[in-house]
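Work through the exercises below with the sequence and the coordinates open. Each task is followed by a solution in steps.

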Amino acid sequence: MFLYFFIKNHFLLKRCKLRRATEFAAVINFKHQVNGNLIQIYAKPNGLDYARFGLIVSKKIERHAVKRNRIKRILRETFRKHRSESGSQTLDWVIRIRHSLSKNESMELVSEMQLLMFQLQRCHD
């Protein structure tokens with residue numbers, strides 16, 4: 001029973017993910033973005049009761065699938081925590097990695113993402 005509770009509360013629903021290229025393009029073309037040293041974040045109001053999230057981690061940036069997947073896991077978990085802490089957040093988010101990351105930069109990635117998301121959220125409130 002404990003395992004079910006843990007799994008149930010620690011994943012993103014399908015409705016909370018951007019899936020189509022048109023959804024990504026709409027957020028990027030909205031032109032509301034912030035840039036950091038490691039990532040670039042785009043945001044657009046979506047008119048829904050929940051936030052949606054998309055990731056862009058290119059093969060040109062990170063060649064190894066294992067490293068790309070690690071970066072995606074870190075970013076998804078950070079988004080999930082940010083979503084639960086920030087309350088009413090009805091934005092579509094697209095996060096793009098700017099350059100290859102080392103394992104040492106993982107904590108820096110998390111803190112930069114939280115800071116940039118807070119800045120964008122504050123602009124839309």
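**Exercise 1. A buried charged pair**

Task: Asp92 and Arg52 are both buried; state which contact Asp92 forms with Arg52 and where the two residues lie.

Solution. This is a predicted model.
Step 1. Take the burial first: a residue counts as buried under 20% relative accessible area, and both Asp92 and Arg52 fall in that class.
Step 2. Look at the side chains: Asp92 and Arg52 form a salt bridge, with 2.8 Å between the closest N and O atoms.
Step 3. Place the partners: Asp92 sits in strand β4 and Arg52 in strand β3, 40 residues apart, so the pair links distant parts of the chain.

**Exercise 2. The rest of the network**

Task: Find which residues are linked with Arg52 and Asp92 in a network of salt bridges, and classify them as buried or exposed.

Solution.
Step 1. The network consists of Arg20, Glu23, Arg52 and Asp92.
Step 2. Within it, the side chains of Arg20 and Glu23 meet in a salt bridge at 3.9 Å, N to O; the cut-off is 4 Å.
Step 3. Arg20 has a relative accessibility of 57% and counts as exposed.
Step 4. Glu23, at 18%, counts as buried.

**Exercise 3. A salt bridge within one helix**

Task: The whole structure has four salt bridges. For the one between Glu77 and Arg80, give the N to O distance and the spacing in the helix.

Solution.
Step 1. The side chains of Glu77 and Arg80 come to 2.4 Å, N to O.
Step 2. Both residues belong to helix α3, and because they are three residues apart, about one helical turn separates them.
Step 3. Glu77 is partly exposed at 30% relative accessible area, whereas Arg80 is buried at 11%.
Step 4. Helix α3 covers residues 65-86 and also holds Arg73. Arg73 is one member of a surface patch of positive charge, together with Lys14, Lys17, Arg19 and Arg76.

**Exercise 4. How the strands pair**

Task: List the order of the elements, then work out which strands pair and in which sense.

Solution.
Step 1. The protein has four helices and four strands, in the order α-α-β-β-β-α-β-α from the N terminus.
Step 2. Strand β1 (residues 33-35) pairs with β2 in the antiparallel sense through three bridges. Val34 has Ile41 of β2 as its bridge partner, and a hairpin of three residues joins the two strands.
Step 3. β2 and β4 are also antiparallel, with seven bridges; Ala43 is matched with Trp93 in β4.
Step 4. β3 and strand β4 (residues 91-97) run parallel and share five bridges. Here the bridge partner of Leu55 is Ile95 in β4.

**Exercise 5. What is enclosed**

Task: Explain why strands β2 and β3 are described as largely enclosed, then check Met113 for burial.

Solution.
Step 1. In strand β2 (residues 39-45), five of the seven residues are buried, so the strand is largely enclosed by the rest of the structure.
Step 2. The same reasoning applies to strand β3 (residues 52-56), because four of its five residues are buried.
Step 3. Met113 lies in helix α4 (residues 106-124) and is buried, with a relative accessible area of 0%.
Step 4. The C-alpha atom of Met113 is 9.9 Å from that of Asn35, although 78 residues separate the two along the chain.
Step 5. For the protein of 125 residues, the buried share is 39%.

Technical notes. Residues numbered from 1 in each chain as written. Predicted model: local features only at pLDDT ≥ 70, side-chain atom pairs only at ≥ 80, totals over all residues. Heavy atoms only, no water. Patch = residues over 30% accessible without salt bridge, like charges linked within 9 Å, V, L, I, M, F, W, Y side chains within 5 Å. Areas by Shrake-Rupley, 256 points an atom, 1.4 Å probe, with all protein chains shown as cover. Lys, Arg positive; Asp, Glu negative; His and termini not counted. Charge placed at Lys NZ, Arg CZ, Asp CG, Glu CD. Buried < 20%, exposed > 50% of the residue type's maximum accessible area, 1.4 Å probe, protein only. Pairing = 2+ DSSP bridges.
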